[in-house]
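This report looks at the fold of one protein and at the enclosed spaces inside it. Please keep the sequence and the model open while reading.

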Amino acid sequence: MKKFFVLIAAAIVSMSAMAQIQFGAKVGFDMTNFWGEDVEHGLKPSYQAGLMMEYKFTDKFGIAPEVVFASQGGKFKAIEMNLLGYDVSKTATFNTNYINVPVMFKFYATPDFSIDFGPQVGFNVYSKVSVKDEDTSWDLKDSTNAVDFALGLGGTYNLTENAFVQARYTLGMTKVFDVPESNEKNGNIQIAFGMKF
């Protein structure tokens, strides 16, 4: 009988803990760019989509890991330069896409609004550059670092118990390209909408 009550208590504790965990999905619009010393750039409209989980330790604190596909990169406006071995004299658009895994620590300033901060690791899956008014593009996969580290800061507002909107800026901390003369790092302004299940 004692074992039975212990099992019931364990099940209740387990269900209580599970009630603090929510899973979900999100999609969003991004404005991405490069930043770094002597980097002149323009913003590139991009997108993101992925899955998330949120665990609340208390009413005020939680953690939310995500797995997100993000189209990133930037634009270099009509300038003449030798870019990663290619002569570019028009607007060049870089597409450096990643599977990003941010882990956001959340502080709930109100029951519906949290301030989010945390690290992110990204794994490059696609890297190309194209030049405006030209049908050619160049594969930069071999010149792009496979892993990207970043820090994210933003906020999440829960519209309902299940729907939320999110704004975040992610600042890349490592060089995008494995080229000595390149200083570009990723920057990403994100606006997302999601649902928790």
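What percentage of the 197 residues of the protein count as buried? The share is 39%, where buried means under 20% relative accessible area with a 1.4 Å probe, protein chains only.

The model is predicted: local features need pLDDT of at least 70 and side-chain atom pairs count only at pLDDT 80 or more, while totals for chains, interfaces and linings use all residues. Residues are numbered from 1 along each chain as its sequence is written, and side-chain values use heavy atoms, with hydrogens and water left out.

**Overall fold**

The protein has one helix and 12 strands, these being DSSP runs numbered from the N terminus (helices H or I, at least four residues; strands E, at least two). Along the sequence the helix is followed by the strands, in the pattern α-β-β-β-β-β-β-β-β-β-β-β-β. Among contacts with a separation of 6 or more, 62% join residues 24 or more positions apart; a contact means heavy atoms within 4.5 Å. The accessible surface is about 10,900 Å², and carbon and sulfur atoms hold 66% of this area, as computed by the Shrake-Rupley method with a 1.4 Å probe.

**Cavities**

The whole structure contains two cavities of 30 Å³ or more. A cavity is a set of points on a 1 Å grid over the protein atoms alone where a 1.4 Å probe fits but cannot get out, and its lining residues have an atom within 4 Å of a point. Grid points are joined across faces, edges and corners, and the volume is the space filled by probe spheres set on the points.

| Cavity | Volume | Lining by class |
|---|---|---|
| Largest | about 60 Å³ | three nonpolar, six polar, four charged |
| Second largest | about 40 Å³ | one nonpolar, seven polar, one charged |

In these classes, Ala, Val, Leu, Ile, Met, Phe, Trp, Tyr, Cys and Pro are nonpolar, Asp, Glu, Lys and Arg are charged, and the others, Gly among them, are polar.

The largest cavity is lined by 13 residues, and Gln48, Val68, Asn100, Gln120 and Gln190 lie closest to its centre. Two or more lining residues come from each of β1 (21-35), β3 (61-70), β7 (92-108) and β12 (185-196). The largest share, three residues, belongs to β3.

Around the second largest cavity, the lining consists of Gln72, Asn100, Gln120, Asp148, Ala150, Thr170, Asn186, Asn188 and Gln190. At least two of these residues come from β10 (147-158), and at least two from β12. Here β12 gives the most, with three residues.

Note on methods
Buried < 20%, exposed > 50% of the residue type's maximum accessible area, 1.4 Å probe, protein only. 1 Å grid on protein atoms, 1.4 Å probe; cavity = no way out; pocket = protein on both sides within 12 Å on 5 of 7 lines; lining within 4 Å.
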